[in-house]
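The following exercises concern the strands of one protein and the way they are arranged. Please examine the sequence and the model before reading each solution.

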Amino acid sequence: ASCRLSLTGFCVFSGIEIYDPGAFRVSVDDVVVDYRRLLLFKPLLKGIRVGGVKVFISSPQERLIDRVNRSDVIRSGPPFFAVQQLDIHDIFLDVKTRDIALKARVSFSADIMSRQLNSVKADIEYFLAGDLSLEDAVIDMSQGSVRDCSARIVRYNKLKALSIKALSILS
């Protein structure tokens, strides 16, 4: 991993890898932190942009939530900085656990301070959880803009729907 700090208010972290051999691997090409609004008594980051994320989870004996809760990577506590905008682009997910199978590419943008999701785009090769499965699905949603969503196959229990198309909007 590497870190570059600029005098113009940006910090770039590159080549991040987190893994637990035989269970999961996460790699991140770059994280750009915009700290132009950082004040001593009000630690607010203007934004964080994350790109090129690859998440591989292979834990067929565990439920996904149990795998995540057992991880030493994710810990909660009071945040040191508030973040105004979070943009995560090109997340590749390959997840195989006892309860979920998923292969997808996802991007999203959110205004954290106002708790508003600005946009979501997911290209789902397959998703399986319990009785629900999706194949070749596209979910595209944006604030105030009508977008297309589709799925080649949706199954739930004994129901099978083919070639579903819909319009979506975040409001």
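Two strands pair if DSSP finds at least two bridges between them. The model examined here is predicted.

**Exercise 1.** Determine how strand β3 is joined to strand β4, and which residues stand opposite each other.

*Solution.* Step 1: β3 covers residues 24-34 and β4 covers residues 44-59. Step 2: 10 bridges join β3 to β4, so the two strands count as paired; they run antiparallel. Step 3: Phe24 stands opposite Ile57 in β4, and Val26 stands opposite Val55 in β4.

**Exercise 2.** Establish in which direction β4 and β5 run relative to each other, and place both in the sheet.

*Solution.* Step 1: β4 and β5 are joined by 14 bridges and run parallel. Step 2: Val55 stands opposite Leu93 in β5. Step 3: the open sheet consists of 10 strands in the order β1-β2-β3-β4-β5-β6-β7-β8-β9-β10, with mixed pairing. Step 4: its edge strands, β1 (2-5) and β10 (159-168), each pair on one side only.

**Exercise 3.** Identify the strand that supplies the largest share of the largest nonpolar core, and describe the contacts of Val53.

*Solution.* Step 1: the core has 27 residues, of which Ile48, Val50, Val53, Leu102 and Ile124 touch the most other members. Step 2: the largest share, six residues, comes from β4. Step 3: not counting residues up to four places away in sequence, Val53 touches Ser27, Val28, Ile88, His89, Asp90, Ile91 and Phe92.

Definitions and conventions
Residues are numbered from 1 along each chain as its sequence is written. This is a predicted model: local features need pLDDT of at least 70, side-chain atom pairs count only at pLDDT 80 or more; totals for chains, interfaces and linings use all residues. Side-chain values use heavy atoms; hydrogens and water are left out. Helices (H or I, at least four residues) and strands (E, at least two) are DSSP runs, numbered from the N terminus. A nonpolar core is a set of buried Ala, Val, Leu, Ile, Met, Phe, Trp, Tyr and Cys residues joined through side-chain atoms within 4.5 Å. Buried means under 20% relative accessible area, exposed over 50%, partly exposed in between (1.4 Å probe, protein chains only). Contact means heavy atoms within 4.5 Å.
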